[in-house]
Protein chains: 2
Amino acid sequence: MVAKQAPEKRRRLVDAAATLFYEQGFNRTTLADIAGEADVPLGNVYYYFKTKDAIGEAMVEQRLSDFRALRARWEERGDARDRLRSFVRMTVDNRRQLARSGCPIGSLALELHEADPAVRERLAENFTAWVAAVRGCYEEAEERFPAGTDVQALAELTLTVMEGGVMQARTHRDIGPFDRGVEQLRRHIDLLTQAHEERNAA
Amino acid sequence: MVAKQAPEKRRRLVDAAATLFYEQGFNRTTLADIAGEADVPLGNVYYYFKTKDAIGEAMVEQRLSDFRALRARWEERGDARDRLRSFVRMTVDNRRQLARSGCPIGSLALELHEADPAVRERLAENFTAWVAAVRGCYEEAEERFPAGTDVQALAELTLTVMEGGVMQARTHRDIGPFDRGVEQLRRHIDLLTQAHEERNAA
DNA sequence: GTCTATATGTGGATAGAC
DNA sequence: GTCTATCCACATATAGAC
């Protein structure tokens, strides 16, 4: 009956790793840090993970499955615009932390460089899943865009702008570049739909 | 007369650091690596730099002054479109390496996290200088944009799209996201100028 | 100014008691 | 399954001869 505590500890370690990797980066976070944050003795860590890289892998995988669960809940709501709005609110609420610590996926992706291929692939999966979710929103509003609009490219651009914006924001210690990037993206979409409507009106 | 070799060695170290930090990242590059690449004995490194961070600082500063020199040469050419084109060609020629190793400034910016404030500020200066150069190009073509167009925001967006695109390209090991991002940016600018011209024609 | 040899500290990882 | 004590490798940094 006490046996069920084991996975719970593992989970605590993964969560602690997620927090610390995000706030201080992978390299600057020691196993001792993680163990301390999770309130687990250092030696015990190796019962759950063979190496530090394995923790990284587990953490990125956790993020991916969390996102998938979140997305599943999203998809239940019928309205695409509503979904997109709730998503935008989510990131806007995080603006400050984004400006300070960047994107938890993007930062890791650049920090790990060549390191562990398994981790890199899961990071890529995270990006792919995110783009797919946004693409779904655009797709459902497809009739508002000109015929032949590449919604995949548009969804990718959305992630691109946010990642690029967050990177500059963090480097400048100023949220401005992020906000202005998002604003420009909004205008781009306005221009697209506007151009379409004008053509329809003609 | 042999005394003038000293600064030359220092320069070799900085160049070696630039290459290695770019290809393997800051943390994974050891001082021994740098000394080896520069063909300088390890112990000698400390004659030129007090710490590893100091090398990072010198390297980022070097990049900044190199860019400023390049920009000065650019500005000599009168035509803004010509300048922008030569710049675009420069990055397009680097597409493959960008997809593999990312942006040398952006990667460092995310890797160093909180680490050294001095380095972070110089990285920010690099971004600022780059945006200013691009902004100059847009500014000279200002009459092609609708009145009140925020060229600063447009220049920032250009960097944003490239950084975001390169980040995804590197993570996916596929240049596609970068190329598509740049293409979307081009369309955005097309839409802007087009909208302007249509209004002028009316 | 240049370089060898080495100190020092840190952090990932293991052995083995409980 | 849990945890303490410790090993060991490695990377930064220094001491000091030349």
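Modeller: Before we begin, one cut-off: contact means that heavy atoms lie within 4.5 Å. Please also keep in mind that this is a predicted model.

Biologist: With that in hand, which residues does Thr193(A) touch, not counting residues up to four places away in sequence?

Modeller: Once those sequence neighbours are left out, Thr193(A) touches Arg144(A) and Phe145(A). The residue lies in helix H10 of chain A, which covers residues 176-201, and its side chain reaches the backbone oxygen of Asp190(A) at 3.0 Å.

Biologist: Is Thr193(A) buried or exposed?

Modeller: Buried is the word used for a residue under 20% relative accessible area. Thr193(A) has a relative accessible area of 8%, and therefore it is buried.

Biologist: Where is the place of Thr193(B) in chain B, and with which residues is Thr193(B) in contact, leaving aside its neighbours within four places in sequence?

Modeller: Thr193(B) sits in helix H10 of chain B, residues 176-201, and, with those neighbours set aside, it is in contact with Arg144(B) and Phe145(B). A polar atom of its side chain lies 2.9 Å from the backbone oxygen of Asp190(B), and at 8% relative accessibility Thr193(B) counts as buried.

Biologist: By what turn and what shift along the axis can chain B be laid on chain A?

Modeller: In general, two copies of a chain are related by a rotation about an axis and a shift along it. Here a turn of 180° with a shift of 0.0 Å along the axis lays chain B on chain A, with an RMSD of 0.0 Å. This is the relation of a two-fold axis. The same surface serves both copies, in that 100% of the contact residues of chain B recur in chain A. Of the residues of chain B, Gly164(B) comes closest to the rotation axis, its C-alpha being at 2.0 Å.

Biologist: How many residues has the largest nonpolar core, and which have the most contacts inside it?

Modeller: The general idea is that nonpolar side chains tend to be buried together in soluble globular proteins. The largest nonpolar core of this model has 118 residues, and Ile34(A) and Ile34(B) are those with the most contacts inside it. If residues up to four places away in sequence are not counted, Ile34(A) touches Leu13(A), Ala16(A), Ala17(A), Leu20(A), Phe21(A), Thr29(A) and Ile55(A).

Biologist: Turning to the DNA, which of the 13 residues around DNA strand D come nearest?

Modeller: Those that come nearest to DNA strand D are Lys9(A), Asn44(A), Tyr47(A), Tyr48(A) and Tyr46(B). To read such a surface, look at which part of the nucleotide is approached: of the atoms of DNA strand D within 4 Å of the protein, 76% belong to sugar or phosphate, and the rest to bases. A polar side-chain atom of Lys9(A) lies 2.8 Å from a phosphate oxygen of this strand, whereas a polar side-chain atom of Tyr46(B) lies 3.4 Å from a base nitrogen. Lys52(B) places a backbone N or O atom 2.9 Å from a phosphate oxygen of DNA strand D.

Biologist: How do the residues of the surface near DNA strand C divide, and which of the 13 residues around DNA strand C come nearest?

Modeller: They divide into six nonpolar, five polar and two charged residues, and Leu31(A), Tyr46(A), Lys9(B), Asn44(B) and Tyr48(B) come nearest. Phosphate oxygens of DNA strand C lie 3.0 Å from a polar side-chain atom of Tyr47(B), 2.8 Å from one of Tyr48(B), and 2.9 Å from a backbone N or O atom of Lys52(A).

Note on methods:
Residues are numbered from 1 along each chain as its sequence is written. Chains are lettered from A and ligands numbered from 1 in the order in which they are written. This is a predicted model: local features need pLDDT of at least 70, side-chain atom pairs count only at pLDDT 80 or more; totals for chains, interfaces and linings use all residues. Side-chain values use heavy atoms; hydrogens and water are left out. A residue is near a molecule or strand if one of its heavy atoms lies within 4 Å of it. A polar contact is a pair of N or O atoms within 3.5 Å; within protein, one must be able to donate a hydrogen and the other to accept it, and residues adjacent in sequence count only if both atoms are side-chain atoms. A nonpolar core is a set of buried Ala, Val, Leu, Ile, Met, Phe, Trp, Tyr and Cys residues joined through side-chain atoms within 4.5 Å. Buried means under 20% relative accessible area, exposed over 50%, partly exposed in between (1.4 Å probe, protein chains only). Copies are superposed by least squares on the C-alpha atoms of residues with pLDDT of at least 70 in both. Ala, Val, Leu, Ile, Met, Phe, Trp, Tyr, Cys and Pro count as nonpolar, Asp, Glu, Lys and Arg as charged, and the others, Gly among them, as polar. Helices (H or I, at least four residues) and strands (E, at least two) are DSSP runs, numbered from the N terminus.
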